[in-house]
Amino acid sequence: MGRIVGKAQYRDALLGLGLLWTALALVLWPGESMSAMKDGLKLCGNVILPSLFPFFVLSSLVVELGMSRYLGRLLEPVMGPLFHLGGACAAPLALGFIGGYPVGARAALTLYESGGCSKTECERLIAFCNNSGPAFILGVVGAGVFADSRVGVLLCLVHGLASLCVGVLFRFYKAGEWKKAPSSAGPITACRFSEAFTGAVGGAVNSTLNICAFVITFTVILRLCFLSGLLPALAALLGRLLAPLGFTQVWAQRLLTGVLELSSGVWTLTGEGSLTGRAAMAAFLLGWAGVSVHCQVLSFLGRSGLNVGNYILGKLLHGVISAGLTAWLFRALGMEQTVSAYLADQVSGIAGVDFSTALTLSTVAAWVVFLTFFALAVAGSRRPRRRSGSLFH
């Protein structure tokens, strides 16, 4: 008991020091803190809000209208043998690949809360369904950071493949429970469209604002870590520890930045270093997603009773597998950088994307995906079944 109390005391002391340091940093650098907050607000207003909101609405509608269960009838032969998941779990997986962080995790939790999958299935699913969207990988990382569309395409393919590999590994998590209760065996129920739509919009507003709060918070924290010299000092220490692996202080600082916040981390990769090394680092950061994204996901999962350790372990495995596959592919293909990398301030132009353009593209993409899900759901509803409910009863 004494050890436990002692650990709690140390933890509280460290937390208190951290809060004291943050308060002191805000006093010492008020202008820089305000500037960082404005950058975070600009990123949220121009990118996060218009790109995530339509997909949050979509993910809720797909689950609440019963489409995921109808879709499960078609995909059960694939999801079961590969991942030990019911076919309905294919919807959060697909939404996670298309909508980006943290749409997949939110859709998986919605599916679990609606009874579309068991607790064990959801714990398997969250380990690999929360992925970066193709627009970020192809546009920001490929075209922006590396100035080469080939890099973006390869990173996108590796990101998806590594995610599926993690899913295959997690099929062994509580594998015995899969044989007892497949999720697709129960009856299919659905909400009325009016009820599902109003609930989806309200939930999407809350989820999006929650995410924006974390984005702004981590933008300010990261800026303060640079200004105070804390991040460079930690990078120097990490660089010495990882020196046998070829890490320098520059690479260590890139890694620490990306571990905390993904966008800031990939922007640092516009500097020096080999193409293979920078691409492998980008692949790891995309797979890991960053502590900022993890906080967004944990805000959904915190009170769900799910094992969040599976999520963290899954993202770590995703990053390691992605980095290994990327390094091997780049060496095997003999890729060389043909265009010089952009400067970091050029890449940061993502935050300046026009709001209406981002919202239009995201809404159109969401509608296309919705209609695809609807068509597949109709096809699945026509398969022989024992009990079913109406999609729009």
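This report describes confidence, the nonpolar core and two backbone features of a predicted model.

Residues are numbered from 1 along each chain as its sequence is written. Local features need pLDDT of at least 70 and side-chain atom pairs count only at pLDDT 80 or more, while totals for chains, interfaces and linings use all residues; side-chain values use heavy atoms, leaving out hydrogens and water.

The protein has a mean pLDDT (the predictor's confidence in each residue, from 0 to 100) of 77, with 78% of its residues at 70 or more. In residues 180-188 the pLDDT is below 50, and this stretch has 19 contacts (heavy atoms within 4.5 Å) beyond near neighbours in sequence. Residues 386-393 also stay under 50, with 24 contacts beyond four places in sequence. Where pLDDT is low, the predicted coordinates should not be read in detail.

The largest nonpolar core (buried Ala, Val, Leu, Ile, Met, Phe, Trp, Tyr and Cys residues joined through side-chain atoms within 4.5 Å) comprises 87 residues, and Val 141, Phe 146 and Leu 155 have the most contacts inside it. Helix α2 (residues 30-64) gives the most to this core, namely 11 residues; helices are DSSP runs of H or I with at least four residues, numbered from the N terminus. Apart from neighbours within four places in sequence, Val 141 touches Phe 136, Phe 146, Leu 155, Val 266, Ala 282 and Leu 286.

Two non-glycine residues have a positive phi. Buried means under 20% relative accessible area, exposed over 50% and partly exposed in between, with a 1.4 Å probe and protein chains only.

| Residue | Phi | Loop | Relative accessible area |
|---|---|---|---|
| His 84 | about 55 degrees | between α3 (67-83) and α4 (90-99) | 13%, buried |
| Ala 289 | about 85 degrees | between α13 (275-288) and α14 (291-301) | 0%, buried |

Key: Helices (H or I, at least four residues) and strands (E, at least two) are DSSP runs, numbered from the N terminus.
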